[in-house]
Amino acid sequence: MLTYLVLGLLVFLGVHSIRIVADDWRRRCIERSGEVLWRGIYSAVSLLGFVVIIWGYGVARQQPVQLWSPPAGMQHVVALLTWVAFVLLAAAYIPCNHFKARWHHPMLLATKFWAFGHLLANGTLAGVVLFGSFLVWAMVMFANARRRDRRDGVHDELGLLSRSVASVLVGTLVWAAVAFWLHGLLIGILPLS
């Protein structure tokens, strides 16, 4: 029963891929309707897709199709990859840090680390569909964003050490909260137990 999961992924990742597949159409819509309305519709459709992904994955987890069993100790590898993802995610919101200065799109890198780690830890068909989709999407989006940066002459901004340290600290605190508490509360699995 992957129908809802796939539908949610198509909506969520589809909306987040408009810039790649229909950038001119996106620009025309923003010019016609205005930035605020565009962001509102974009956010509403994204949220709808996200909710359907969560619901669809929950439904698929009730009757899992096991493709492989992750090896013992994999949770430590996943913990490291997700820690990197949370640091990069924090860097996406903290201005003037070295992560953003170097890679320009730390949120997409965070998605790649998160998805790859979860793909390693989940040997179910639903896990492969969910995390594999996010991994492929993030790889395509990152490559496209970097190509657009080169085309538009985007240069590295100045990275401040204090902002980079803040990214690591904030990312680590949020990662710890998720790993030791929120993941169990929301997903039902404590990854480091």
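Is Arg 151 buried or exposed? In this predicted model, Arg 151 turns out to be exposed, with a relative accessible area of 61%. Its side chain does not go unpaired, though: Arg 151 and Asp 152 meet in a salt bridge, at 2.9 Å from N to O. The partner, Asp 152, comes out as partly exposed, at 49% relative accessibility. That figure stays short of the exposed class because exposed calls for over 50%.

The pair of Arg 151 and Asp 152 is one part of a wider picture, as the count of salt bridges comes to six. Bridges that share partners tie Arg 19, Asp 23, Asp 24, Arg 26 and Arg 27 together into one network. Within that network, Asp 23 makes a handy place to start. Its side chain meets that of Arg 19 in a salt bridge, with 3.8 Å between N and O. That distance still qualifies because the cut-off for a salt bridge is 4 Å. Asp 23 also pairs with Arg 27, and here the closest N and O atoms are 2.8 Å apart.

Why are Arg 27 and Asp 23 separated by about one helical turn? Both belong to helix H3, which covers residues 23-33, and they sit four residues apart in that helix, so about one turn lies between them. As for solvent, Asp 23 counts as buried, at 16% relative accessibility, whereas its two arginine partners are open to some extent: Arg 19 is partly exposed at 36%, and Arg 27 is partly exposed too, at 39%. The label for Asp 23 follows because buried means under 20% relative accessible area.

Away from the charged groups, there is a nonpolar patch on the surface. About 670 Å² of it is made by Phe 180, Trp 181, Leu 185, Leu 186, Ile 187 and Ile 189. One of these residues, Leu 185, has its place in helix H9, which runs over residues 161-187. Leu 185 is plainly on the outside, being exposed with a relative accessible area of 55%.

That leaves the cysteines. How many disulfides does the count come to? The answer is zero. For a disulfide, two cysteine sulfur atoms would have to lie within 2.5 Å, so no pair in the model meets that cut-off. As for where cysteines sit relative to solvent, Cys 29 is buried, at 10% relative accessible area, while Cys 96 counts as partly exposed, at 30% relative accessibility.

Methods:
Residues numbered from 1 in each chain as written. Predicted model: local features only at pLDDT ≥ 70, side-chain atom pairs only at ≥ 80, totals over all residues. Heavy atoms only, no water. Buried < 20%, exposed > 50% of the residue type's maximum accessible area, 1.4 Å probe, protein only. Patch = residues over 30% accessible without salt bridge, like charges linked within 9 Å, V, L, I, M, F, W, Y side chains within 5 Å. Areas by Shrake-Rupley, 256 points an atom, 1.4 Å probe, with all protein chains shown as cover. Helix = DSSP H or I, 4+ residues; strand = E, 2+ residues; numbered from the N terminus.
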